[in-house]
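Please look over the model below. The report covers one strand end, its charged surroundings and one sheet.

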Amino acid sequence: MKLTNKQICAVVIVLCIFAFIFILGLSLSGKTELSGGKGFTKLYFNADTDLPDSSLYLKNLTKAIYEIETNRTYWIKITPVHEIEVNKTYCINFTIASFERTPVTYTYVVESNVLNLTKQVTLMPEGSTSICLTITPRESDKWRLNSTTSTEWEDVIDLTKNSWLAERRDFEILVRKEGLPTIVEENYRLPISTNVSHFGRILHANISIDELKRKPFEKEYVTEYAENFETTRNIDLIDLSINGDKLYLKAKSKKLRYTSDKQLFSIRLIKPVDVEELEISPESYIEEVQEIYFWYRIK
């Protein structure tokens with residue numbers, strides 16, 4: 001039977017469609033096999049661990065922000081910060097699971113203010129390992145110097161115009177049974193107190209003018225106010241001396257503010273890449289890096 005031109009065209013079109021579907025199927029089959037042959041690695045924190053505390057992530061940690069320009073309120077998610085205590089030991093558990101085609105030697109790097117280390121571990125295909133890191137934060141890990149404020153000043157007092165600093169005279173009349181009443185003069189040597197308004201308090205030197213003439217007075221006063229995440233340390237240096245009829249004051253004050261800020265605890269997993277798989281030069285060294293982390297603050 002002789003086919004018409006229209007029939008011949010229809011047959012050709014059908015054959016082309018089948019050929020296209022066959023070639024496309026082969027292509028997809030080869031791509032799936034290649035993708036399925038390439039392995040992967042998982043890195044994650046374990047549930048049975050002190051840090052990070054999984055219960056903290058169950059809380060609704062959000063904050064409302066109001067925009068004046070748009071008269072609109074929107075909510076932002078707040079990153080949890082885990083509070084840990086000084087001299088308390090915590091366990092940080094994490095797992096490395098290999099789904100690679102061949103054995104792989106991994107390098108994991110831990111970076112934080114309380115622990116820093118680099119180690120290697122080799123896993124077979126379908127193998128996994130759980131690693132426990134223990135940390136015990138110290139007082140020295142907690143504080144960071146946030147700011148320093150220093151002030152200095154001097155003052156001079158003329159003892160001839162302020163003689164009450166040097167002495168005070170009281171008179172007392174003594175009445176006797178025999179004889180006339182007697183006036184008795186008592187001379188008190190008063191202690192010197194440096195009333196320094198900048199300090200907001202009186203620093204008692206408890207020393208007389210005569211003693212200051214023989215030896216200058218020098219003293220350091222240290223006061224400290226501490227809270228969970230901030231402490232302030234005041235260091236005051238006082239110098240009192242006399243030269244001639246002048247009393248000299250030299251004062252230095254330093255205020256140190258320390259804070260316990262949030263810090264990052266990071267675990268990075270480094271896996272060398274198979275250069276044959278990437279069809280590149282063996283001299284080229286490429287790595288794949290994964291990272292898990294959490295934020296903490298020492299109290």
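What follows is a short account of selected contacts, salt bridges and strand pairings in this predicted model.

**Around T259**

T259 sits in strand β16, which covers residues 246-259. Is T259 buried or exposed? T259 has a relative accessibility of 4%. The cut-off for buried is under 20%, so T259 counts as buried. Leaving out residues up to four places away in sequence, T259 touches K142, W143, R144, N146, F229 and E230. The side chain of T259 also makes a polar contact of 3.1 Å with the side chain of D261.

**Salt bridges**

Side chains of opposite charge can pair when their charged atoms come close. How many salt bridges does the model count? The count is eight. Three of them are listed here, with the N to O distance.

| Pair | N to O distance | Separation in sequence |
|---|---|---|
| D261 and R144 | 2.6 Å | 117 residues |
| R257 and E230 | 2.9 Å | 27 residues |
| K299 and E83 | 3.6 Å | 216 residues |

D261 and R144 form a salt bridge. This pair joins the loop between β16 and β17 to strand β9. D261 is partly exposed at 28% relative accessibility, and R144 is partly exposed at 43%. Both residues also meet T259: D261 through the polar contact, R144 as one of the residues it touches.

R257 and E230 form a salt bridge as well. R257 lies in strand β16 and E230 in strand β15. R257 is partly exposed at 27%. E230 is partly exposed, also at 27%. E230 is among the residues that T259 touches.

K299 and E83 meet in a salt bridge too. K299 belongs to the segment after β18, E83 to strand β4. K299 is partly exposed at 30%, and E83 is partly exposed at 45%. Elsewhere, E100, K271 and E288 are linked in a network of salt bridges.

**The sheet of β1, β5 and β8**

Three strands form an open antiparallel sheet in the order β1-β5-β8. Which strands stand at the edges? They are β1 (40-45) and β8 (128-135). Each has a single partner strand, so one side of each lacks a neighbour in the sheet. Neighbouring strands of this sheet are turned by 15 degrees against each other on average, direction ignored.

Strand β5 (residues 90-99) pairs with β8 over eight bridges, in the antiparallel sense. C91 stands opposite T134 in β8. C91 is buried, with a relative accessible area of 18%. C132 is partly exposed at 42%. The disulfide count is zero.

Notes:
Residues numbered from 1 in each chain as written. Predicted model: local features only at pLDDT ≥ 70, side-chain atom pairs only at ≥ 80, totals over all residues. Heavy atoms only, no water. Helix = DSSP H or I, 4+ residues; strand = E, 2+ residues; numbered from the N terminus. Buried < 20%, exposed > 50% of the residue type's maximum accessible area, 1.4 Å probe, protein only. Polar contact = N/O pair within 3.5 Å; in protein donor to acceptor, adjacent residues only side chain to side chain. Contact = heavy atoms within 4.5 Å. Pairing = 2+ DSSP bridges. Axes fitted to C-alpha atoms, helices over the stretch in contact; angles between N-to-C directions. Disulfide = S-S within 2.5 Å. Salt bridge = Lys/Arg side-chain N within 4 Å of Asp/Glu carboxyl O.
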